[in-house]
Structure formats: C-alpha cells, structure tokens
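Student: I should like to learn how to read the interior of a protein model and the surroundings of its ligand. Where should one begin?

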Amino acid sequence: MAKKGKREIGEEYLKNLRPSKLDEYIGQEKVVENLKITIRAAKERGEPLDHILFHGPPGLGKTTLAYCIANEMGADIVASSGPTLERPADLVGILTNLKKGDVLFIDEIHRLPRIVEEFLYPALEDYRITILLDKGPHARSLNINIERFTLIGATTRIGLLTAPLRERFGIFHHLDFYPDSELIEIIKRSARILGVDIDGGGAEVIAGRSRGTPRIANRLLKRVRDYAQVKHDGGITGEIALDALKMTGIDELGLDGLDRQYLEVIIENYKGGPVGINAIGATLNEEVDTLIDVIEPYMLKTGLIGRTSRGRVALEPAYRHLGITPPRDIEKQLSLLDMDEEEKD
Ligand code: ADE
C-alpha cells in the first residue's frame, strides 16, 4: 500500500464521519425505516415533525440521527444540552428564533433542570412561552407565541425522565448496540472518507473491539491510522490493527483500563458482588453516572455483569476474561439472586 502524501494541517478536521442523510446511515435499520416514513408523511402534509425522543447508550448515533432528520426536513437545527440550559432565560432566545419546522436538539435531556423543563411544556404543547417580568407585587407575565418546531431529545437514561416530559414526545426510538457486521461497514466508510486504506481483516479487528459503538469504532480507526502511518506505510491490515490496539491498552473484548478496574473492584474488593453502584463508584473514585452510562451498558449486554436488587454481580465470563478462577459455587450463588432487577438504593 502506498504511503500517503503529506496533507495540509487542518484538512482532516473538515472530514465529517457522520452521515448527513438517512440513506447513508448504516445500522439501526428499523429506526431509520420508521423515521423515513415519519418524515415523508410530515413533508406530504406540509407539517413539522412530532417531538422525537432517542434513548440508548452513548455513541450509538442519537445526535447523528437528529442532524440527519433536520437535513431531510430541510430545516435548521439548534443543538443544546440538559446541563447547559440552567435557567428558562437560556431557552427564550433559542425558542423565539426558531422558524416553522426547525429542530431543537437537546442532548442529555434527563439532566434538564426542573424549572427549565416546566418552562418548556407550553412550548412543546401549544407553541407558546410565558415570560415573567419583574417579581413581587408588580410581577406581570408575557405570553409569546413561537413557531411550530420539533424537539428532538436524546437520553442515556430514559428512566430519569419525568412522566410529563416523556408524555410530550410523540415518537420514541431506542438505539441498541451495533453488530460487528455493521461496525465493519461503518469503519470502511469512515476509512474511505479519511482516505485510509484498510482491508477486511483490519476493519474486523477494530469492529471487534469497539463495544458495539460507532463512536468508539471511529475513534479506534483514527488511533490505528496514526500507528499505521508512523510505523508502516499507512495502510491498515488486521495485524497492524492488533499491534496498534495493543499499545492503546484496549483488550480483545474492547475493554479499557477503567472497564477492567471496574470488574476487578467487584470481583476482588467485593467478592464478586452483589455490590451497590455507589460503593463501586467510591472505590474507583469515579462518578456513578459515568459507570451507569458509559461502563455498564455494554457489560450488561454481553453478560460480563448482572444487575440485581442488591447491586451488581460479576458473571463467570468476567472472571475468565481477567484470568481469575470463579468461585466453585458461582452458579448456585447467582441463582439465588433476582437478576435483571434495578438496584433499589
Ligand atoms: N451509523 C451510526 N454511526 C454511523 C456513522 N458514523 N457513519 C455511518 N453510519 C453510521
């Protein structure tokens, strides 16, 4: 494979790996198919889309889909996030500037402060906002009509959404982890956009360590590309990808240092569990939200850990993965627990 010529600094950043149209989107077939119907129907009626909520683990394409939808509707999109919208005033300018059919995207919508959420309700339902002028005996309120817009919310924790907010969405889509076959396609597409040569083996190795997540796949592709460029001629084969990923500390299941520490804490500090998520967080000195949103979903999905009403437990594959002999009665111990129960803290 030929060595690539030196590129202008900055050119890379212009290459967007995210698809901008639903036809370019790989995976989540049912979601995409449903969205296409929704969009076509709304367009035929000349109406804005209903409010849409995407939920699922990080990095699976919630934001990308929001941008695709706005693009397909020929609408502008304004992106914000729950934690950055601290006060209702933060939304006034945004909402009053939206044109008919525009999309307001709010990421991490479960972290929207309650007063902002309540301010949003009439905007979502009646396309109207109420601004309070002054305080105390002279307080007056001003109603402002806004254009019919579409809210697209994204959350990793649908369970944390309040019922009134959830009920204001007309369309819900859950995004799940991608199978390796789809990740391979995504990696090949990204490599094409980045101008990197990659063979089937290279894409397979990266896909297998991407934890079902396109964002991770694209990140690993870039790290492997760096390695291939510096140590080889720039092309990526299975062998080169394996060597590159070994250097980054990502193992054959796609787990990184923190993932393995998480498993070690359950197994070594808490005898395999059950152990409460707060105790794991305190031992690791890591935010519980990070553990719940980022670390745990893939481990639950792939059966490395289980969730019980008394906390998390390590399952047999987790022991084997770390090279630790599981307790002889592990199956019996686990059979006494109510698996797949949300922990009651
Ligand atoms: N599906 C999800 N993420 C994607 C990406 N980055 N490119 C193409 N298809 C995708």
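Tutor: Begin with the core, bearing in mind that this is a predicted model. The largest nonpolar core holds 54 residues, and among these Leu65 and Ile69 touch the most other members.

Student: Which helix gives the most to this core?

Tutor: Helix H8 does, with seven residues. As for domains, at least three residues of this core come from domain 1 (18-174) and at least three from domain 2 (180-248).

Student: Which residues surround the ligand?

Tutor: A shell is read as a list of neighbours, here those with a heavy atom within 4 Å of the ligand. The list comprises Leu17, Pro19, Tyr25, Ile26, Tyr178, Ile186, Arg189, Pro214 and Asn218. By class, seven are nonpolar, one is polar and one is charged. Helices H6 (180-194) and H8 (214-231) each contribute at least two residues to this shell.

Student: Why does the ligand lie between domain 1 and domain 2?

Tutor: Both domain 1 (18-174) and domain 2 (180-248) give residues to the shell, so the ligand lies between them.

Student: Where are nitrogen atoms of the ligand placed relative to polar atoms of the protein?

Tutor: Such pairs are judged by distance, with N or O atoms within 3.5 Å forming a polar contact. For the backbone, a ligand nitrogen is 2.9 Å from a polar atom of isoleucine 26, and a ligand nitrogen is 3.4 Å from one of leucine 17. For side chains, an N or O atom of arginine 189 is 3.2 Å from a ligand nitrogen.

Student: How much of the ligand does the protein bury?

Tutor: The ligand taken alone exposes 260 Å², of which the protein buries 96%.

Technical notes. Residues numbered from 1 in each chain as written. Predicted model: local features only at pLDDT ≥ 70, side-chain atom pairs only at ≥ 80, totals over all residues. Heavy atoms only, no water. Polar contact = N/O pair within 3.5 Å; in protein donor to acceptor, adjacent residues only side chain to side chain. Areas by Shrake-Rupley, 256 points an atom, 1.4 Å probe, with all protein chains shown as cover. Helix = DSSP H or I, 4+ residues; strand = E, 2+ residues; numbered from the N terminus. Nonpolar A, V, L, I, M, F, W, Y, C, P; charged D, E, K, R; others polar. Domains from an automatic or database assignment. Core = buried A, V, L, I, M, F, W, Y, C linked by side-chain atoms within 4.5 Å. Buried < 20%, exposed > 50% of the residue type's maximum accessible area, 1.4 Å probe, protein only.
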